[in-house]
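Here are some notes on the pockets, as promised. Have the model open while you read.

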Amino acid sequence: MDQNFICPKCKGYLNVEESIVLSTGTRTGVKGLIHFSPEIGNYTIKKNANFLIKGGEKYNFFCPLCQTKLASEIHDNLSHIIMIDKDKNEYQILFSKIAGEKSTYKIVGESFEIFGDQQSNYVDFINLSLGK
Ligand SMILES: [Zn+2]
C-alpha cells in the first residue's frame, strides 16, 4: 500500500495490510471493529457477522489505539482521519458516519476531492470551512 492512515490525535497507524481498522458501537452499547478499504471511494467494509449495522443510522468511529472519537468540526455527520501518501503529503479524510451514505472528502490545503454517490451532501460545509 502506498499510503498510510493515522489517527489525528495519537498519530498511530490505523491501517493494516488492506484495511483501515476503526472501532465503533451501536446505540445499544454493542462494540465492534470495522475494516474499511484504504481505497477512497470503495465502501466495502468487513466486520464481525454478529455486529449488526443498520442502514441510515449514525455511527461514531473511534481510534482503536487511543479511543479518541474521530470527529470532524466541519459537520457532526462526518468522521475524520489523516492520510499520508508515499511522498509524505498529508490529507484530511472526512467520511460520513451514516451507514450507507457514501460521502467522502479528501482535503489538502484549500482544495478537496469528493467521492461517493452522496458526495454533494457536505460540500457546502467543507467550502465554508475552507473559507470559500
Ligand atoms: Zn488515536
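The points below go through the two pockets in turn.

1. First, a reminder that this is a predicted model, so please read everything here as computed from it.

2. The largest pocket holds about 490 Å³ of space. Its lining runs to 28 residues, and those closest to the centre are Phe 36, Tyr 43, Ile 45, Phe 95 and Ser 96. Those five are a good place to centre your view.

3. Which strands supply at least two residues each to the lining of the largest pocket? They are S3 (19-25), S4 (31-36) and S8 (90-96). S8 gives the largest share, with three residues.

4. As for the chemistry of that lining, 17 residues are nonpolar, seven are polar and four are charged.

5. Now the second largest pocket, with a volume of about 270 Å³. Here 15 residues form the lining, and Thr 24, Gly 25, Lys 31, Asn 60 and Phe 62 are the ones nearest the centre.

6. Strands S3 and S4 turn up again: each supplies at least two residues of the lining of the second largest pocket. This time the largest share, three residues, comes from S3.

7. How does the lining of the second largest pocket divide into nonpolar, polar and charged residues? The split is three nonpolar, eight polar and four charged. Set that beside the largest pocket, where the lining has 17 nonpolar, seven polar and four charged residues.

Note on methods:
Residues numbered from 1 in each chain as written. Predicted model: local features only at pLDDT ≥ 70, side-chain atom pairs only at ≥ 80, totals over all residues. Heavy atoms only, no water. 1 Å grid on protein atoms, 1.4 Å probe; cavity = no way out; pocket = protein on both sides within 12 Å on 5 of 7 lines; lining within 4 Å. Points joined across faces, edges and corners; volume = space filled by probe spheres on them. Helix = DSSP H or I, 4+ residues; strand = E, 2+ residues; numbered from the N terminus. Nonpolar A, V, L, I, M, F, W, Y, C, P; charged D, E, K, R; others polar.
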